[in-house]
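I opened this notebook to record what I looked up about the cysteines, the core and the pocket.

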Amino acid sequence: KRAAAKVSQEKKVAQEKTQETAVVECAAAERVALAEAAAREAVEREAAAREAAERAAEREAAMRREAEASEQRWKRSEEECARARDELAQSVTSLETHRQQLLEERESLRQQLAQWQESCCSAAAGRHQCEQRLADSERLLARWRGEPSALELLDAESLDQLERDVQGVLQRIHQRRVTALEEEHSCPICMVASKDTVLVPCGHMLCSACQARLPAAGTPPHQRCPVCQQAVERHLRTY
């Protein structure tokens, strides 16, 4: 009886240890699954952040190029105004010298002086037009930069037009970026793996990993190309 009781006690202890081991293994498996899910989510967030940073850098570069072009136009306008002022000053000096030398031809000199005054008025009008164009360019540049002081002067219709213009520019930048990525060998989605899968019928190429992450064809939402948003009928693997 004591031996049987001892055996029964040992079996009970073994069963309890087995249950504890199973509980520990289940908890460890859950922790491993949570860690893997967190790692995958972190990788996806990092890829999205990298793509957003690249888009922001491209927009900033485009705006910087536009600002440099406007600055160059402004400098050229200043140079033209400076040349006009120099020419005007030289003309006035020459006119005064000629007037001193030709006192006897005062009436003729007055006529010439009147002509030079008209030229001065024309030059001043040209300078005013240059300054007006420069001010318009600066206002337009301020609008494109999104400065609050410039946007407050616009009505709703003008703001809508400006928004459409900006959206058109961003769309052209995005199309150029997509075209540049297509010309390269890297996947236009993850920009890491090589393109090895063709989407039919649009013909855009992705890597197999990005293609696998697309929703299945024929189920809502329908599978669409992430580049051109065209419906995908099937895909082909290239080697």
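I began with Cys-207, whose sulfur lies 3.4 Å from the closest cysteine sulfur, that of Cys-210, which is too far for a bond, since a disulfide is a pair of cysteine sulfur atoms within 2.5 Å. I noted that this is a predicted model, in which local features need pLDDT of at least 70 and side-chain atom pairs count only at pLDDT 80 or more, while totals for chains, interfaces and linings use all residues. Residues are numbered from 1 along each chain as its sequence is written, and side-chain values use heavy atoms, with hydrogens and water left out.

I then looked up Cys-130, whose closest cysteine sulfur, in Cys-81, is 4.2 Å away and too far for a bond. By this rule I count zero disulfides.

Next I asked whether Cys-207 is buried or exposed. Cys-207 is buried at a relative accessible area of 3%, and Cys-130 is buried at 13% relative accessibility, where buried means under 20% relative accessible area, exposed over 50% and partly exposed in between, with a 1.4 Å probe and protein chains only.

I found both Cys-207 and Cys-210 in the largest nonpolar core, which has ten residues, including Leu-206 and Leu-214; such a core is a set of buried Ala, Val, Leu, Ile, Met, Phe, Trp, Tyr and Cys residues joined through side-chain atoms within 4.5 Å. Leaving aside neighbours within four places in sequence, I listed the contacts (heavy atoms within 4.5 Å) of Leu-206, among them Cys-187, Ile-189, Leu-199 and Leu-214.
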